[in-house]
Amino acid sequence: MSSQVFNNPAQANGPTDVASTFLGMQPANMLDMTHNLPEFAVVREHDRCLRCLVCLQQCPYDCTQYDANRDLVWNIESNCVACRRCETMCPTKCVYITPRGIFRPNANWSPYQIRTAHKQGDTGGVVLTGTGNDKPYVSYFDRMVIDASQVTNPSIDPLREPMELRTFIGSKPEGYDLAPGKAKTNGEYGPIPPNIQVEMPIIFAPMSFGAISYNFQKGLAMAARAMGTYFNTGEGGLHPDFYEFKENAIVQVASGRFGVSAEYLKAAAAVEIKIGQGAKPGIGGHLPGEKVTREISRTRMIPQGADAISPAPQHDIYSIEDLRLLIYAIKETTNYSKPVSVKIAAVHNVGAIASGIVRAGADIVVLDGFRGGTGAAPAIIRDHVGIPIEVAIATVDQRLRDEGIRHRASLIAAGGIRSSADVVKVIALGADAVYLGTSALIAAGCTLCQQCHRGRCAWGITSNRADLLPRLPADLAFERLANLLRGWSHEIKEMLGLMGLNSIESLRGNRLKLRGVGLSEHELKVLGIQQAGV
């Protein structure tokens with residue numbers, strides 16, 4: 001069995017001279033050729049290849065080519081992004097992708113840094129990327145373990161005893177006067193604050209139509225309705241077809257105000273003001289023009305083919321007092337019937353920022369950690385700005401408790417939630433619920449090739465191109481997303497039971513159920529947990 005790597009048809013045809021090898025493939029200049037060194041090798045076992053051309057039809061990145069004269073399938077490897085669509089769809093499994101060791105090893109310069117410098121030398125532009133931070137920073141989730149009950153505090157069997165995962169998200173009053181049905185807030189009785197009810201402490205993260213496909217957003221909406229939770233429109237507005245899911249929709253008001261109207265605000269279960277995003281704190285949003293189709297143009301209320309750029313700040317918010325005005329403008333518009341959320345990136349001094357947001361009247365504060373995903377962001381910002389969600393949640397929860405205002409807002413953790421164990425740990429650190437973004441993408445088939453911004457998603461998850469959109473039917477997205485939530489719910493119940501708890505409310509902020517492994521004394525103090533073995 002042969003496994004050969006062919007970069008061009010002349011090479012695949014056998015020995016030849018250099019001139020004929022590059023015939024018809026000469027780059028504009030030799031620097032372009034030097035700086036276009038492939039990151040991945042496409043290895044094809046030609047004796048097993050049927051020439052069915054499935055790989056050619058499935059590749060949206062112009063990597064796979066076919067030479068009819070030689071009856072040969074070959075690859076322009078510099079175009080390969082390792083989406084692995086060809087591997088998956090090949091009927092004989094004769095092709096696979098493997099990393100190339102192109103550069104000489106250098107402890108100071110990684111291959112990624114070299115490629116980035118080459119690319120910017122060629123273009124003079126900002127290097128964009130998709131999904132979340134993939135750099136090897138410490139994961140505090142992986143440095144925490146969960147305590148378990150044994151003899152003196154018996155565990156609970158979730159198969160035989162009820163487990164309560166239902167959570168209410170929103171402001172909680174200081175007390176109730178049940179007779180008139182009033183709630184006590186700041187020493188005075190008034191209407192009970194609106195909350196949204198989730199059957200599990202998991203909500204789908206903000207992902208806008210345009211950043212993701214029509215079918216994937218519909219799948220999110222269908223799964224949210226079926227599983228008793230919510231999806232978030234992101235900053236791209238709510239497509240008219242999705243108003244049928246309005247009771248399970250959280251709509252977003254971002255700096256670009258895309259798709260925002262009174263009807264849009266009134267249709268949702270909750271409204272979220274986006275101040276920042278974990279993948280790109282301090283800068284605005286960007287949907288490249290090549291992704292702005294007619295339907296996206298209609299939903300966002302912008303010209304077709306134009307870049308959708310959200311300013312870095314909301315130009316009517318330059319202080320906590322300004323934020324308060326917008327919060328209460330939304331509450332007035334929705335007749336005080338929906339909780340208002342404020343989403344910020346997890347940054348230094350996040351405790352003080354969150355305290356101001358709660359005092360400004362927000363019912364929910366969303367903290368988005370630096371591993372949060374994105375449809376498009378400058379790689380340099382995604383990889384070097386922000387702080388971990390574990391630290392942010394612990395800090396904010398403790399700050400609000402110390403100030404006696406923790407009950408006035410729910411906390412939602414976002415950015416880097418990979419498993420049900422991460423959900424349990426971040427709730428023990430102080431969150432009320434979590435946002436799932438990248439985990440949902442992966443459940444639907446994403447392979448993390450980080451090319452979301454290009455509008456060519458081989459799996460149809462982040463592309464609305466007519467030929468790619470059908471690759472992920474809405475029904476399939478719904479099925480896989482619902483299965484993910486169902487599986488995580490079972491696991492969360494198991495973990496609650498082994499801790500001797502029968503409700504998610506008993507876990508919230510219960511840091512005694514966590515222990516640190518391999519953390520410094522200062523890190524343990526910030527997280528508010530004890531060393532394992534203590």
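This passage describes a three-stranded sheet with the helix packed on it, a pair of packed helices, and two glutamine residues in loops of a predicted model. In this predicted model, local features require pLDDT of at least 70 and side-chain atom pairs pLDDT 80 or more, whereas totals for chains, interfaces and linings use all residues. Residues are numbered from 1 along each chain as its sequence is written, and side-chain values use heavy atoms, with hydrogens and water left out.

Helices (H or I, at least four residues) and strands (E, at least two) are DSSP runs, numbered from the N terminus. An open sheet of three strands is arranged in the order β7-β24-β25, with mixed pairing, where two strands pair if DSSP finds at least two bridges between them. The edge strands, each pairing on one side only, are β7 and β25 (530-531). Strand β24 (residues 514-516) is joined to β7 in the antiparallel sense over three bridges; L514 of β24 is the bridge partner of I146. Helix α14 packs on this sheet and touches β7 and β24, its direction making about 95° with that of β7.

Helix α14 spans residues 420-429, and because nine of its ten residues are buried, the helix is largely enclosed by the rest of the structure. Buried denotes under 20% relative accessible area, exposed over 50%, and partly exposed the range in between (1.4 Å probe, protein chains only). The buried residues are S420, D422, V423, V424, K425, V426, I427, A428 and L429. G430 follows α14 and has a positive phi, near 135°.

Two packed helices are described by the angle between their axes and the distance between the axes. Helices α11 (residues 350-359) and α13 (residues 389-402) pack at an angle of about 50°, with axes 8 Å apart. Axes are lines fitted to C-alpha atoms, for helices over the stretch in contact, and angles run from 0 to 180 degrees between N-to-C directions. The contact (heavy atoms within 4.5 Å) involves V350, G351, A352, A354, S355 and V358 of α11 and A392, T395, V396, R399 and L400 of α13.

Two glutamine residues in loops were also examined. Q150 lies between β7 (144-146) and β8 (167-170) and is exposed, with a relative accessible area of 63%. The C-alpha atoms of Q150 and A458 are separated by 49 Å, at 308 residues apart along the chain. Q450, in the loop between α15 (438-443) and α16 (474-498), is buried, with a relative accessible area of 19%. Leaving aside neighbours within four places in sequence, Q450 contacts T129, G130, T131, G132, D134 and R382.
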